[in-house]
Amino acid sequence: MTGEDQARRWLDVAVDDLRHARYAEEGGFYPQACFSAQQAAEKAVKAVHYARGARAVLGHSVRNLIERLDPRVPELDDLLDDARELDLNYIPTRYPNGLDAWTPAAGFGAPQAARTIAGASAIVTSVRRYLSAV
């Protein structure tokens, strides 16, 4: 399988994760929406790494994955603040001990879900543009 094929597969799953995030948000499952948005962004950025020939891409930090791109992708660099916020959703949205005093359902609400979905959507869109240009 070529790097381009692998990249398309990762982007396809990222798009599915983003759809799931929106579905969870509509149902009021805000922590799950936030986590699925983080996953969408992570997988989208990994698609860029695979398109560039990476054989394995490790790590879950969206920001770190963007910063490890060499050469950098300026459009993704412009989204580093979104990436930083998305990274905050990797653990505390899933585990009861991820937040000091609250469960995920008490700690994540509609505003967080809307922000994370918007950030993930921007990253997925940017990656889609990048992959269609290479």
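**Exercise 1. Determine which residue just after helix 2 takes a positive phi, and describe the helix that precedes it.**

Step 1. Gly 53, just after helix 2, has a positive phi of about 100°. Helices here are DSSP runs of H or I with at least four residues, and strands are runs of E with at least two, numbered from the N terminus. The structure is a predicted model, in which local features need pLDDT of at least 70 and side-chain atom pairs count only at pLDDT 80 or more, while totals for chains, interfaces and linings use all residues. Residues are numbered from 1 along each chain as its sequence is written, and side-chain values use heavy atoms, with hydrogens and water left out.

Step 2. Helix 2 covers residues 30-51, which is 22 residues. From its first C-alpha to its last it reaches 32 Å, close to the 32 Å expected at 1.5 Å a residue; the expected span is 1.5 Å times one less than the number of residues.

Step 3. Of the 22 residues in helix 2, 19 are buried, and the helix is thus mostly covered. Buried means under 20% relative accessible area, exposed means over 50%, and partly exposed lies in between (1.4 Å probe, protein chains only).

Step 4. Ser 36 belongs to helix 2. Ser 36 counts as buried because its relative accessibility is 8%. Apart from neighbours within four places in sequence, Ser 36 is in contact with Asp 17, His 20 and Ala 21, where contact means heavy atoms within 4.5 Å.

**Exercise 2. Describe helix 1, including what covers its buried residues.**

Step 1. Helix 1 runs over residues 3-26; its 24 residues should span 34 Å at 1.5 Å a residue, and the end C-alpha atoms are 35 Å apart, which agrees.

Step 2. The buried residues in helix 1 include Ala 7, Leu 11, Ala 14, Asp 17, Leu 18, Ala 21 and Ala 24. An α-helix has 3.6 residues a turn, so residues three or four places apart point the same way.

Step 3. The cover over the buried residues of helix 1 includes helix 2 and helix 7 (110-133).

Step 4. Gly 3 is placed in helix 1 and is partly exposed, with a relative accessible area of 26%. Gly 3 is in contact with Tyr 50 and Ala 51, leaving aside neighbours within four places in sequence. Gly 3 and Gly 53 lie 50 residues apart in sequence, yet their C-alpha atoms are 5.1 Å apart in space.

Step 5. After helix 1 comes Gly 28, with a positive phi near 85°.

**Exercise 3. Compare the surroundings of Ala 110 and Ser 126.**

Step 1. Ala 110 is in helix 7, and Ser 126 also lies in helix 7.

Step 2. Ala 110 counts as partly exposed at 36% relative accessibility, whereas Ser 126 counts as buried at 1%.

Step 3. Not counting residues up to four places away in sequence, Ala 110 touches Glu 25 and Tyr 30. With neighbours within four places left aside, Ser 126 is in contact with Glu 75, Leu 76 and Leu 79.

Step 4. Ala 110 and Asp 16 are 94 residues apart along the chain, and their C-alpha atoms are separated by 20 Å.

**Exercise 4. Locate Pro 71 and Pro 96, and state what is noted for each.**

Step 1. Pro 71 is in the loop between helix 3 (62-67) and helix 4 (74-77). The peptide bond that joins Asp 70 and Pro 71 is cis, with omega about 5°.

Step 2. Pro 96 is in the loop between helix 5 (80-87) and helix 6 (104-107). Pro 96 counts as exposed at 63% relative accessibility. Leaving aside neighbours within four places in sequence, Pro 96 is in contact with Trp 102 and Pro 104.

**Exercise 5. Characterise the fold of the whole protein chain.**

Step 1. The protein chain has seven helices and zero strands. The radius of gyration is 15 Å, close to the 14 Å that the globule rule gives for 134 residues, so the protein chain is as compact as a globular protein of that length. The radius is taken over C-alpha atoms, and the rule is 2.2 Å times the number of residues to the power 0.38.

Step 2. Along the principal axes, the C-alpha atoms fill a box of roughly 45 × 25 × 25 Å.

Step 3. Of the 134 residues in the protein chain, 40% are buried. Among contacts with a separation of 6 or more, 63% are between residues 24 or more positions apart.
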